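Biologist: I am new to this structure and would like a close look at a single part of it. Please take me through one group of paired strands and what surrounds it.

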Amino acid sequence: MSAIASNQGKTTLTTALLYHYKKSVRPFKIGPDFIDPLFHQKICQTPSINLDTCIMNESQVKWLFNKYSDKNISILEGVMGFYDGMDKNASAYDVTKLLNIPTIIILDGKGSYITLSAVIKGLKTYQEGNTIKAVVFNHISSPSHFELIKNQVEKDFDDVVVLGWIQNRLDTLDSTYLGLDLKDNKIEKLELMSKEVLKHIDLEKLESIANFKAQEVEDYPFEKVESYDKHIALVNDDNFSFLYHDNLEFLKESFSKVTVVNAINNEIIPLDADIVFIVGGYIETKEAYEKIENSNDFKNSLLTHAEEKKAIYGECAGLLFLSNRVDDKKMMGLLPLDFTLGKRFYRMGYYENDLGITGHAFHYTRLIDEEKVGEYKLYKKNSSDGTYAAFKNENIFGTYLHTMLRNNFNKIKKYLL
């Protein structure tokens, strides 16, 4: 599922299809995004898998797709516009071409008809090897408006299937029905929304083009990692929610015991845990901070773990939580760092660190006084201003960089073991 840009209707159509096929679908997200996969899982109760050809190489992405394509249907949601990210080899075009997966383009048809055919031609001819097979039109005012578009597209193309249209200004597409604030009492709204979105879309045609033959890949195109007879505690809840599903599966494969700890519920880190891994998410906002402010049993168990010189690894929100503070919000004080929260993002995009690990960073916070970092600086982002990206204090490690463990663990393990 792709488009010419963000906010064209990818998530709307993906949501409707995931709900419609919820009993037999595996969702995927192209790129490093955490938000959409969390939403995917809420809809169909099946973990969504990130496919990222910048963080992983092509053989590894193929292997990952084959591993998790264990349902009757697989739906991949693209990132930004279809070709956006080609400079990083990480666009929807790159991934769908690599996997030879049919692509449905959703186009905003508001205030247009013949020009949409020109847009399709541009998408089809810009790069060879694209897998564009069908199109859905969004924000359509009437059946007659759709017919104008459909007739032109079918006249111009014999290899693009017009699947249908989505009506303009659907009541169920109010923002209260979509997004991560989706509550249990709104799940029932998804059924109505799915029916409205799919009302004028030919699902039989869609299923007829959605054919896929898995490609052969290496048995295991990753560096081998030994199994560790160690217990790792993974802090993962509504605050610390940014966890690639394959990272969780990899940890289960590699460690003798994995315990998921909910800090918001004030769960404690087991005394026999050898390692604590705090994943990314939100801790710096007022709403997120208040959820954990009084989780004193959890905090004390983390301090006990640190006092015993056991390893602690924090990603992004995990890094912030290990610091002294974010503005006036007191954190754990295990890394001698002070951060401030800005009004716009400070870093967004792919970076390669000094360890040779490629990952993604997206944060609104920044270090207040880099002069105080001293010996705790470990490496910098590969960026023009050399912004600090990771910090180490004895057994405690924190980084802004999100990455995938399966292909990077042997570079990271010295901070965990």
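Modeller: Two strands are said to pair if DSSP finds at least two bridges between them. With that in mind, and remembering that this is a predicted model, we can start at strand β8, residues 228–235, which runs parallel to β10 and is joined to it by four bridges. One of the places where they meet is Ala-233, whose bridge partner in β10 is Val-276. Strand β10 also pairs with strand β11, residues 311–315, again in the parallel sense and over four bridges, and here Ile-278 has Gly-314 of β11 as its bridge partner.

The side chains of β10, which covers residues 275–278, deserve attention next: Ile-275 and Phe-277 point one way from the strand, while Val-276 and Ile-278 point the other way, and all of them are buried. Ile-278 is also one of the residues with the most contacts inside the largest nonpolar core, a set of 58 residues in which Phe-240, Leu-302, Ile-312, Phe-321 and Phe-339 are likewise listed for their contacts. Phe-321 gives a view of these surroundings, since, leaving aside its neighbours within four places in sequence, Phe-321 is in contact with Ile-278 and Phe-240, and its other contacts include Ile-283, Ile-292, Phe-298, Lys-299, Leu-302, Met-331 and Met-332. A second core, separate from this one, has 44 residues, among them Ile-55, Leu-76, Val-153 and Val-162.

Notes:
Residues numbered from 1 in each chain as written. Predicted model: local features only at pLDDT ≥ 70, side-chain atom pairs only at ≥ 80, totals over all residues. Heavy atoms only, no water. Core = buried A, V, L, I, M, F, W, Y, C linked by side-chain atoms within 4.5 Å. Buried < 20%, exposed > 50% of the residue type's maximum accessible area, 1.4 Å probe, protein only. Contact = heavy atoms within 4.5 Å. Helix = DSSP H or I, 4+ residues; strand = E, 2+ residues; numbered from the N terminus.
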